[in-house]
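Dear colleague,

I am passing on the structure we spoke about, with the sequence alongside. Please open it first, and then read the notes that follow.

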Amino acid sequence: MGILPKSSYYTRDNRQTAALIRARQPYLVKNIFTGIGLGAFVISVYAFTIRAVAQDDFSDVQIPDAPEQPPHTPHAGTSRVPEQISVRGTK
């Protein structure tokens with residue numbers, strides 16, 4: 001039983017063969033128009049979104065005053081590590 005050679009549309013250095021170029025040729029124009037259509041749709045959705053967000057007006061929203069800060073107490077909330085830490089093997 002013989003081994004069939006691997007059939008590919010690419011050469012050993014990954015270039016397209018003439019057969020692949022011929023096989024893709026009928027779809028070239030359709031793919032270009034599809035790509036342009038998808039790109040136009042994406043750009044239009046992006047532009048619409050940016051324009052819709054830019055129209056938001058928050059001038060009627062009242063910003064609350066800053067909350068009162070409690071009086072500052074020194075060293076509050078900080079923990080100190082005891083000076084004498086015993087490590088195994090040392091005294």
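**What was found**

Asn-14 is exposed, with a relative accessible area of 63%, and its place is in the segment before helix H1, which covers residues 18-24. Please keep in mind throughout that this is a predicted model. The backbone at Asn-14 deserves a look as well, since its phi is near 60 degrees, a positive value in a residue other than glycine. Most residues other than glycine have a negative phi.

On either side of Asn-14 in the numbering you will find Asp-13 and Arg-15, whose side chains meet in a salt bridge, with 3.5 Å from N to O. Side chains of opposite charge can pair when their charged atoms come close. Arg-15 is exposed, at a relative accessible area of 58%, while Asp-13 counts as partly exposed, at 49%. The count of salt bridges in the model comes to one.

Thr-17, also found in the segment before H1, has a relative accessible area of 19%, and it counts as buried because the cut-off for that class is under 20%. The side chain of Thr-17 reaches the backbone oxygen of Tyr-9 at 3.0 Å. Leaving aside residues up to four places away in sequence, Thr-17 touches Tyr-9, Tyr-10 and Thr-11.

As for the chain as a whole, it has two helices and zero strands, and of its 91 residues 2% count as buried. Its accessible surface comes to about 10,100 Å², of which 61% belongs to carbon and sulfur atoms.

The second helix, H2, takes in residues 28-54. At 1.5 Å a residue, the 27 residues of H2 should span 39 Å, and this agrees with its end C-alpha atoms, which are 39 Å apart in the model. How many of the 27 residues of H2 are buried? The number is zero, so H2 lies largely in the open.

Leu-28, which is found in H2, is partly exposed, with a relative accessible area of 48%. Together with Val-29, Ile-32, Phe-33 and Ile-36, Leu-28 forms a nonpolar patch on the surface, and these residues have about 530 Å² of accessible area together. When you look at the numbering of that patch, it may help to recall that an α-helix has 3.6 residues a turn, so residues three or four places apart point the same way.

With best regards

Methods. Residues are numbered from 1 along each chain as its sequence is written. This is a predicted model: local features need pLDDT of at least 70, side-chain atom pairs count only at pLDDT 80 or more; totals for chains, interfaces and linings use all residues. Side-chain values use heavy atoms; hydrogens and water are left out. Helices (H or I, at least four residues) and strands (E, at least two) are DSSP runs, numbered from the N terminus. Buried means under 20% relative accessible area, exposed over 50%, partly exposed in between (1.4 Å probe, protein chains only). Patches are made of residues with over 30% relative accessible area and no salt bridge: like charges are joined within 9 Å, nonpolar side chains (Val, Leu, Ile, Met, Phe, Trp, Tyr) within 5 Å. Accessible areas come from the Shrake-Rupley method with a 1.4 Å probe; for residues, only the protein chains shown count as cover. A salt bridge is a side-chain nitrogen of Lys or Arg within 4 Å of a carboxyl oxygen of Asp or Glu. The expected span of a helix is 1.5 Å times one less than its number of residues. A polar contact is a pair of N or O atoms within 3.5 Å; within protein, one must be able to donate a hydrogen and the other to accept it, and residues adjacent in sequence count only if both atoms are side-chain atoms. Contact means heavy atoms within 4.5 Å.
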